[in-house]
Amino acid sequence: MTPPGHLPAEIVCPSCEAPLHGVAERLQDALRTSESRFRAAFADAGIGMALVDADDCIIEANPALGAMVGRDVSELVRMHIHAFIDPEESARRLYLELVSGERERLRLEKRLRHRDGGTVWTNITVSLIRDGEGRPLCTLAMVEDVSEQRRLGDRLQYQSMHDPLTRLPNRACFFERLAAACDAADDGRRRVGLCYVDLDGFAAVNDTLGHHVGDRLLVAVAARLRERFTGGGRLVARLGGDEFALLVPDSEGGDQLTGLAEELLRVLEEPFEVSGHRLAVTASVGVVERPVRGTTPTELVKDADATLYWSKADGRARWTLYDPDRGAHQMTRQLLATALRPALERGEFAVEFQPLVGLEEGRVHGAEALVRWRHPRFGTLSPDRFIPLAEETGAIVPLGKWVLEESCRQARRWLEEFPDAEVFVSVNLAVRQVWDSDVVADVAGVLERTGLPPRLLQLELTESAVMGPAGRPLQALQALAEMGVRIAIDDFGTGYSNLAYLSRLPVHALKLDGSFVEGFRDPGGDRREADEKIVTAMVRLAHALGLSVTAEGVENAAQAERLRATGCDTAQGWYFARPGPPHRVARMLREGPRAAGGALPGRAGPGAPA
């Protein structure tokens, strides 16, 4: 039998067995030419090539492969491939499938070791070569150097995960690491911690010194944080602007995190030398620390952000540890804030009235309108629970208009039922209602629609709102006073307390803050004497300016009597009546005046809270 790869000396015709002269020579020439071309292509190929036997030893290799790994071709021949390719179980399994005939080729990304110790990243395609009878002879490996593409990919990956200014990990990298910390295997004891850091007053640096100085300050802050807090698995990241984060994937507890927060404040308090400026920096830090089990990255970041806000609200330059109770309260505030306007549309608000009673004759002079929110989930909410939220969100404008109209309609009903009583209704007016709407037109429209005479409407504003700088609020008050509407200063005595300034304002009444009345509860002592002197002086000065005075928070007969002795005109509080539906005021009007110290309908009794 002719050995594989060789031709017989003479070829005969298969039908007549006559010799075919010269055919064998031509076929031999063609075979040599083909082999020569293969070897030329093998040797001159731009990518690395090698023939590898069944024992993983190189039979032949081309110069391109030698150049990739820094070796001569002669060195590569008979070299085991693991001399410059790290063995890998998954790759070995695929290779065995190839040589066993289960697959024809395989493609791998492999890292080759260069002779100088460097790394060459390659894409390797391995094909099986068989003999004429289909038996595996060897494998052909074609090796493409992709190191440059790999470096480019690494650079792009780095850029996508790092902040270009500070070179710190960025928001994307932070969230990836946080998710990995929360998803890692947990035996129930693993904990995670997070410090959210925000520089105090950073905007002032940009505004006064320029953004180039602000950027250099951020770089300096980042360098200090990187130097002092990286290592041990911790991650320092810039989340954006002047906000940074310190992630502790394996926290040892709350004490560790609050200790890191303390150190953060100390580190940042050391002045920075930036572009010829010595800059002192403080920061606010929100701290969250808890078990990994039962939490998510979204919850951690939400709570850390809320805690950072608490640090800012509490005075800055401090750290605050997350408090679940405070977080629940914050969540409730947010729920209420977003539900205010829809609640008004659904008719969830109601107005209650608390009478203002004359201290000399016990007659009802008026009633203060107090809005209540009948919340379907939280029950009846008093104004202090939602009015500040309404002012923050702007919902106070439509809510205030609704309260004004409801109150004026009720005052008109009292006027129709008790025409001689001349009972006015007192409605609180927020400063934002003056700035965000045409309050003069709003009041005029309500009075026209309800038919209430202007003299029976009193609008209450806080002392600080009325006695601030002149401008639109003052102009609006003057227009309302000219219309005939009464103006009262609420909570008087807690702000400016400038009685001289009052003489230039269109004000008709003062409502003394309840803190002055508290001292009247004490049957004796220095506080009672001091409060009585202060209230007496304020009443006299107010009367000299032509103003009436109302005391708030009266709880018992002794307080009422002592206030009457100071000359105070009217009072309100649980001693006279709690806030309630309008028919309670009507009942008091029907029963007529009583002595100020006597039992009045609806009186809660001595000692009842205001």
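This tour visits the largest pocket, several aromatic pairs and two charged side chains that sit over rings. The structure on display is a predicted model.

**The largest pocket.** Begin by selecting Glu 368, Leu 370, Pro 383, Asn 428 and Asp 490, the lining residues that lie nearest the centre of the largest pocket. The pocket has a volume of about 900 Å³, and 33 residues line it. Next, colour strand 14 (364-375), helix 12 (383-393) and strand 18 (486-492), which are among the elements that give two or more residues to this lining. Strand 14 gives the most, with five residues. By character, the lining comprises 16 nonpolar, nine polar and eight charged residues.

**Aromatic pairs.** The model holds seven aromatic pairs. Select Trp 310 and Tyr 322, whose rings are stacked, 5.6 Å centre to centre with 10° between the planes. Trp 310 belongs to helix 10 (residues 297-313), whereas Tyr 322 lies in the loop between strand 12 (319-321) and helix 11 (324-346). Is Trp 310 buried or exposed? Trp 310 counts as buried because its relative accessible area is 1%, and the limit for buried is under 20%.

Move now to Trp 373 and Phe 386, an edge-to-face pair at 5.7 Å centre to centre, with 90° between the planes. This pair links strand 14, which holds Trp 373, to helix 12, which holds Phe 386. Both residues are buried. Add Phe 349 to the selection to show one aromatic cluster of Phe 349, Trp 373 and Phe 386.

**Charges over rings.** Select Arg 224 and Phe 272: the charged end of Arg 224 sits over the ring, 3.7 Å from its centre. Finally, select Arg 578, which lies over the face of Trp 574 at 4.0 Å from the ring centre.

Key: Residues are numbered from 1 along each chain as its sequence is written. This is a predicted model: local features need pLDDT of at least 70, side-chain atom pairs count only at pLDDT 80 or more; totals for chains, interfaces and linings use all residues. Side-chain values use heavy atoms; hydrogens and water are left out. On a 1 Å grid over the protein atoms alone, a cavity is a set of points where a 1.4 Å probe fits but cannot get out, and a pocket is an open set with protein on both sides within 12 Å along at least five of seven lines; lining residues have an atom within 4 Å of a point. Grid points are joined across faces, edges and corners, and a volume is the space filled by probe spheres set on the points. Helices (H or I, at least four residues) and strands (E, at least two) are DSSP runs, numbered from the N terminus. Ala, Val, Leu, Ile, Met, Phe, Trp, Tyr, Cys and Pro count as nonpolar, Asp, Glu, Lys and Arg as charged, and the others, Gly among them, as polar. Rings of Phe, Tyr and Trp (its six-membered ring) pair if their centres lie within 6.5 Å; planes under 30 degrees apart count as stacked, over 60 as edge-to-face and the rest as tilted. Buried means under 20% relative accessible area, exposed over 50%, partly exposed in between (1.4 Å probe, protein chains only). A charge sits over a ring if NZ of Lys or CZ of Arg is within 6 Å of the ring centre and within 35 degrees of the ring normal.
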